[in-house]
Amino acid sequence: MTQSDPHLEALLLYLKESRGFDFTGYKRASLTRRVGRRMSQVGVQGYAEYLDHLQVHPDEFTGLFNTILINVTGFFRDPDAWADLRDQVLPALLEAKEPDAPIRIWSAGCASGEEAYTLAMIVAEIVGAERFRQRVKIYATDVDEEELTTARLGSYTERQLSPVPPGLVERYFEASGGRYVFRKDLRRSVIFGRNDLVQDAPISRVDLLVCRNVLMYFNAETQARILSRFHFALTGGGVLFLGKAEMLLSHGRLFTPIDLKRRIFRNTSLAPPGNPALPTAPVPPAQGGELGGLDRLRDEAFMTCPVAQVVVTGDGLVALTNRRAEQMLGISAKDIGRPFRDLELSYRPVELRGYIDQAQVERRPVQVADVEYRRGSREPLFLEIQVNPLVDSDASLLGVALVFQDTTVSRRLRSDLDHANRQSEAAHEELQSTNEELETTNEELQSSVEELETTNEELQSTNEELETTNEELQSTNDELQSINNELRDRTAELHEANAFLGAILTSLRAGVVVIDEAMRVRSWNRRAEDFWGLREAEVLGEHFLNLDIGLPTGLLRPLVRKVLTGEVDTEQMTVSAVNRRGRPVEVRVSGTPMPNQQHGTTGAILVMEIDEP
């Protein structure tokens with residue numbers, strides 16, 4: 001798992017302590033994207049710098065919160081899910097209540113209120129407007145005060161109401177100034193208020209709780225905490241309606257699905273389930289007439305039993321075996337009467353003599369599970385062996401019965417099932433995580449689209465604003481073109497300067513070497529090639545003092561050091577050397593620093609003049 005940036009965690013802690021907004025439970029991937037987007041908008045690079053920016057500019061909190069809190073909503077969002085809630089779930093929920101009992105609904109994360117008013121419309125359609133005013137209370141909550149202010153107005157544009165059927169628009173909205181306002185008489189039953197799902201106490205005794213596409217922004221730990229509060233808020237049998245990316249795969253103890261595809265769940269009770277009926281003592285059979293041939297019947301039933309059985313007397317002798325034991329364990333009728341300890345079965349596949357002694361002493365069954373049994377080249381069998389003491393009516397020990405249950409198939413099926421369950425669980429978790437991430441991304445994209453649409457509407461509101469924007473864009477394009485032209489001219493000038501400098505270095509009769517602060521060769525003119533026999537391509541990037549040439553570069557170290565450190569403006573010295581033809585020469589070396597206003601010196605220029613004897 002990737003570790004979170006400590007500077008981001010410090011920023012989240014500051015938001016929690018200074019403004020009361022706890023974003024520490026949000027998924028870091030989404031949070032990083034949203035905060036990063038806001039930072040780029042204000043021109044800040046790092047979280048630490050942005051924290052300083054927040055402290056200096058308190059108004060920035062509003063912009064940050066609006067960016068983090070993705071307020072994407074709409075009327076009848078996911079119409080099929082709302083239709084199922086309206087046609088199947090709500091009628092059954094209301095039918096189970098008393099005729100005059102209040103109906104309490106909570107819309108958590110309501111944003112600008114479309115979801116709360118959608119609930120109001122479908123409940124009013126079921127119970128009628130008059131009963132709605134008398135019985136229904138819809139509590140709509142969010143952490144964003146600006147969105148709650150918009151929701152309280154209940155005023156929407158025609159485009160926002162486009163998902164609402166025309167008949168519902170006519171019955172529940174009134175046209176006012178080019179917008180549509182929700183009916184005031186029903187609006188009184190919709191109560192908006194601020195509630196932080198992470199920190200604040202939940203609303204209680206709720207029959208229907210709608211929280212769609214909110215949980216997917218939180219990490220698993222915070223989701224579990226919120227769902228526990230939802231469980232407390234709902235009445236027994238209350239309904240939880242979630243978004244399409246939220247599945248509650250690991251919370252079956254709190255909620256059971258009504259319609260998993262539509263993400264509609266029922267609240268379950270935390271009370272421990274009732275104990276199943278305990279087994280009672282067997283009822284003795286009614287006394288009847290004596291049945292004949294019972295001994296023969298018992299013998300045949302024992303012999304044909306599909307479970308391998310061997311009976312051993314109290315003295316340790318083999319008394320009975322059935323056909324399944326003969327087939328599976330290799331024991332035969334010839335072994336009857338023999339001491340059990342002499343049989344291979346007594347110690348293979350498992351040492352049974354100790355278990356037999358234990359069963360005889362404790363007078364209770366002893367079970368040996370997962371015993372692997374191999375016979376020849378056949379596939380191994382897995383057995384469950386039960387050693388049952390046989391006790392007479394006077395509590396005297398008659399012997400023991402060994403029951404060999406073949407669990408190979410069930411063990412293999414159990415192993416396959418466990419493996420399939422693990423794979424399924426991993427796949428479900430991965431799918432859930434992917435769905436939540438995709439849904440989060442979709443929400444962010446939709447939020448961006450809505451922001452762009454809002455911007456377009458604002459731009460289209462007046463021709464003057466549109467023309468101004470176009471002029472600004474044209475001006476920006478002209479500036480960019482001017483900058484590009486200027487850069488092109490500067491590049492041409494640079495090429496000319498480089499060519500001019502190269503011509504100067506080539507025409508000099510002295511050898512010229514330019515080195516940087518690390519004494520690496522940056523320039524090597526034609527005359528230096530003639531002096532020492534090395535081409536420029538061979539020496540560029542090499543350490544000057546390590547060059548294998550006729551010039552004793554080691555003697556030049558003090559000169560180079562002084563020049564690079566800026567101790568002198570110019571330094572000269574004469575050294576004896578051998579040119580590329582092997583002739584001794586006297587070389588005058590002059591060193592001059594290359595100054596830099598910000599970093600002192602960036603290198604040195606060494607000029608070498610040769611006096612041949």
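Q: Hi! Which residue of β8 is the bridge partner of V206?
A: L234 is the partner of V206 there. Strands here are DSSP runs of E with at least two residues, helices are runs of H or I with at least four, and both are numbered from the N terminus.

Q: Anything I should know about the model before we go on?
A: It is a predicted model, where local features need pLDDT of at least 70 and side-chain atom pairs count only at pLDDT 80 or more, while totals for chains, interfaces and linings use all residues. Residues are numbered from 1 along each chain as its sequence is written, and side-chain values use heavy atoms, with hydrogens and water left out.

Q: Back to the strands: in which sense do β7 and β8 pair?
A: β7 (residues 206–211) and β8 (residues 234–242) pair in the parallel sense, over 5 bridges. Two strands count as paired if DSSP finds at least two bridges between them.

Q: What's the order of the strands in the sheet?
A: The sheet is open and its 7 strands follow the order β6-β2-β1-β7-β8-β10-β9, with mixed pairing. β6 (190–194) and β9 (255–259) stand at the edges with a single partner strand each, so one side of each has no neighbour in the sheet. On average, neighbouring strands are turned by 25 degrees against each other, direction ignored. Axes are lines fitted to C-alpha atoms (for helices, over the stretch in contact), and angles run from 0 to 180 degrees between N-to-C directions.

Q: And how many bridges join β9 to β10?
A: 4 bridges, and these two strands run antiparallel. F255 stands opposite N267 in β10. The hairpin of β9 and β10 has 4 residues between the strands, and R263 takes a positive phi near 60 degrees in it.

Q: Which helix lies across β2 and β6?
A: That's α8 (residues 145–153), which lies across β2 (136–142) and β6 and runs at about 165 degrees to β6. Another helix, α11, packs on the sheet too, touching β1 (103–108), β7, β8, β9 and β10 (264–267). The direction of α11 makes about 135 degrees with that of β8.

Q: Which helix holds H231?
A: H231 lies in α11, which covers residues 220–233.

Q: Is H231 buried or exposed?
A: H231 is buried, with a relative accessible area of 11%. Buried means under 20% relative accessible area, exposed means over 50%, and partly exposed is in between (1.4 Å probe, protein chains only). A polar atom of the H231 side chain lies 3.5 Å from the backbone oxygen of T268.

Q: Switching topic: at what angle do α2 and α3 pack?
A: About 65 degrees, with the axes of α2 (residues 28–42) and α3 (residues 47–56) 11 Å apart. T32, V35, R38, M39 and V42 of α2 make the contact with Y47, Y50 and H53 of α3. Contact means heavy atoms within 4.5 Å.

Q: And what about α1 and α4, at what angle do they pack?
A: α1 (residues 6–19) and α4 (residues 60–68) pack at about 115 degrees, with axes 13 Å apart. Y14, L15, S18 and R19 in α1 meet F61, L64 and F65 in α4.

Q: How many disulfides does a search of the whole structure find?
A: It finds 0 disulfides, where a disulfide is a pair of cysteine sulfur atoms within 2.5 Å. Take C110: the closest cysteine sulfur, in C211, is 11 Å from its own sulfur, which is too far for a bond. C110 counts as buried, at 0% relative accessibility.

Q: Where does A111 lie?
A: A111 lies in the loop between β1 and α6 (114–127). A111 is not a glycine, yet its phi is positive, about 55 degrees. Most residues other than glycine have a negative phi, and most peptide bonds are trans. A111 is buried, at 4% relative accessibility.
A similar case is N213, also not a glycine, with a positive phi of about 55 degrees. N213 sits in the loop between β7 and α11 and is buried at 6%.

Q: Which peptide bond is cis?
A: The one from R348 to P349 is cis, with omega near 15 degrees. P349 has its place in the loop between α13 (323–329) and α14 (353–362).

Q: Last one: which residues is E114 in contact with?
A: Leaving aside neighbours within four places in sequence, E114 contacts T73, G74, F75, Y156 and Q160. E114 lies in α6 and is buried, with a relative accessible area of 5%.

Note on methods: Polar contact = N/O pair within 3.5 Å; in protein donor to acceptor, adjacent residues only side chain to side chain.
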